[in-house]
Every structure is written in structure tokens, then in C-alpha cells.
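Thanks for agreeing to look at this model with me. Here are my notes, set out point by point so that you can follow along in the viewer.

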Amino acid sequence: MRPKGFIPHPFLNTSRRIARVVDFGHSRKGAGFTLIELLVVIAILAVLAVTVVLVLNPAELIKQARDTTRISDLATLNSAIALYLSDVASPAIGATSYCTSGTTTKGTMACSASTSTVTTGGGWVTINFGSISSGSPLAKLPLDPNNSSTNCGTGATACFYQYLTSGNTTLTYELNASMESTKYANGGGSDVESNSKDGGDNANAYEVGNDPGLDL
Ligand SMILES: [Ca+2]
Ligand SMILES: [Ca+2]
Ligand SMILES: [Ca+2]
């Protein structure tokens with residue numbers, strides 16, 4: 001019997017019904033979850049966790065993030081060198097080719113080892129960006145996010161950057177990096193390494209620069 005003058009809000013009845021449904025497990029006096037029930041729940045959670053890891057593949061996503069940094073680093077360097085060549089009256093791009101890890105080259109040209117990131121000509125890109133009329137567009141030269149880790153492979157496919165120069169007469173150069181993710185490496189969904197994609201001559205390196213054929 002409803003009290004006179006008081007009309008319960010419909011939500012009150014609904015919430016009581018929900019409470020009864022949620023509480024059904026405890027209506028059995030002293031009953032809790034059995035060991036089998038707990039094991040089934042744990043097994044389901046484990047399957048879900050494995051599925052999430054397989055679908056998202058966090059290791060691959062981290063590699064893709066480093067690869068986008070590599071692509072961006074080489075684009076920034078390439079633009080800075082293009083600006084230098086168009087702005088400076090008597091440009092000098094250096095005669096020494098450098099690898100930022102060891103002396104294993106990704107190209108056909110031998111490289112010396114350097115991890116110096118100065119932008120005044122003594123770094124692994126041997127250009128004095130400070131002589132650009134508006135100043136150096138770079139605070140320092142980038143290094144590969146891993147630089148020599150084995151994630152990208154070994155030897156020429158290891159993670160490092162490379163600067164190859166034809167010298168101060170012809171003023172052509174090439175910048176190389178290796179991709180470590182399945183997505184950006186040769187044959188991947190967003191392959192940047194294949195020579196049909198970057199116009200270079202090394203199928204396992206991402207190559208940019210102004211050297212004809214990128215075949216330094
Ligand atoms: Ca290539
Ligand atoms: Ca060439
Ligand atoms: Ca090349």
C-alpha cells in the first residue's frame with residue numbers, strides 16, 4: 001500500500017530490482033566463488049590479455065615510433081642541407097663520409113665512425129650549418145634513437161645514421177637509416193626502404209639526398 005502524499009520515484013524501484021539481481025550470489029548463505037569458478041575467470045582474463053598483446057603488438061608499435069623519428073630526422077637534415085646549398089655562396093659539404101656507429105656502411109662508400117652532433121662542420125654531417133644567413137636551423141645533429149642496437153639487424157642493417165658525400169666539387173650527398181619495424185621496413189605495409197620507394201640503391205636502407213641514384 002502506497003503512503004498517502006508520497007509517490008516513490010521510479011528510479012528507486014529500478015535500483016532495488018538491480019540490487020536484488022546483483023546480490024543473487026550472496027543470497028545463498030555462506031556461498032562464495034568456488035575454486036573452479038575462480039580458475040575459469042583467471043583463464044578467461046589470461047586469454048583476453050594474450051589477445052590484446054597479439055592484436056596491439058606493443059613491441060612493433062615502439063619500433064614504429066622510432067622509425068617515424070628516423071624518417072623525420074632524415075627529412076629535417078635533408079632540408080637543412082638543401083637550405084645550406086641554396087643559401088651559402090661557396091658551400092662545402094666535406095669529403096669524409098661518416099657512420100654514427102662503427103664503420104659498417106649501408107652504402108658502397110667507406111665511412112669513418114663519428115657520434116659528434118655539432119652543427120659547425122665537425123659532426124657526423126660535415127657541414128657548417130652556422131654559415132647559413134639565417135643561422136643554423138638545427139641545434140644539434142640527430143642520432144639514431146637506438147644507434148647500434150641490434151633491433152634493426154646486424155652489420156649494414158643495424159640502427160645507425162650515415163652521411164655519404166661526393167666531396168666539395170660535385171656537392172652531392174646521401175643520408176641513410178635502417179627501419180626496425182615490420183611496417184616501415186622493406187616489404188612492410190608502409191615500406192620506405194625499397195628502392196622503388198626511396199629511389200636509392202640499397203633495398204634495406206632508407207635513403208635520402210641529392211646524389212643521382214642515391215648510389216654513393
Ligand atoms: Ca633504399
Ligand atoms: Ca650517384
Ligand atoms: Ca645508397
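**Notes on the model**

1. Leucine 214 makes a good starting place: beyond its neighbours within four places in sequence, leucine 214 is in contact with Glu174, Gly199, Gly200, Asp201, Glu207 and Gly209. Two residues are in contact if their C-beta atoms, placed from the backbone, lie within 7 Å. Leucine 214 sits in the segment after strand 5 and counts as buried because it has 23 C-beta neighbours inside 10 Å. Burial here takes 20 or more other C-beta atoms within 10 Å of the residue's own, exposed means 12 or fewer, and partly exposed is in between, with C-beta atoms placed from the backbone. The C-alpha atoms of leucine 214 and aspartate 198 are 8.8 Å apart, with their positions 16 residues apart along the chain.

2. A word on the model itself. This is a predicted model, in which local features need pLDDT of at least 70 and side-chain atom pairs count only at pLDDT 80 or more, while totals for chains, interfaces and linings use all residues. Residues are numbered from 1 along each chain as its sequence is written, and chains are lettered from A and ligands numbered from 1 in the order in which they are written.

3. How confident is the predictor? The protein chain averages a pLDDT (the predictor's confidence in each residue, from 0 to 100) of 89, and 86% of the residues score at least 70. Among the elements, strand 5 has the highest mean, 98, and helix 1 (residues 10-22) the lowest, 51. Where pLDDT is low, the predicted coordinates should not be read in detail.

4. Helices and strands are DSSP runs numbered from the N terminus: H or I of at least four residues, and E of at least two. Helix 2 (residues 35-56) has 22 residues and reaches 32 Å from first C-alpha to last, close to the 32 Å expected at 1.5 Å a residue; the expected span is 1.5 Å times one less than the number of residues. The number of its residues that are buried is zero, so helix 2 lies largely in the open.

5. Helix 3 (residues 58-87) has 30 residues and should span 44 Å at 1.5 Å a residue, which agrees with the 43 Å between its end C-alpha atoms. Its buried residues are Lys63, Asp67, Arg70, Leu74, Leu77, Ile81 and Tyr84. They pack against strand 4 (173-177) and strand 5 (206-209).

6. Which residues have the most contacts inside the largest nonpolar core? They are Leu74, Val125, Ile127, Tyr163, Leu175 and Tyr206, in a core of 32 residues. Such a core is a set of buried Ala, Val, Leu, Ile, Met, Phe, Trp, Tyr and Cys residues joined through C-beta atoms within 7 Å. Helix 3 gives the most to this core, with four residues. Leaving aside neighbours within four places in sequence, valine 125 is in contact with Leu77, Leu141 and Tyr163.

7. The open sheet has five strands in the order 2-1-3-4-5, with mixed pairing; strands pair if DSSP finds at least two bridges between them. Strand 2 (112-113) and strand 5 stand at the edges with a single partner strand each, so one side of each is left without a neighbour in the sheet. Strands 1 and 3 run antiparallel and are joined by two bridges; tyrosine 98 has tyrosine 163 in strand 3 as its bridge partner.

8. Two loop residues deserve a look. Asparagine 57, between helix 2 and helix 3, has a positive phi near 45°. Leucine 171, between strand 3 and strand 4, has a positive phi near 55°. Most residues other than glycine have a negative phi.
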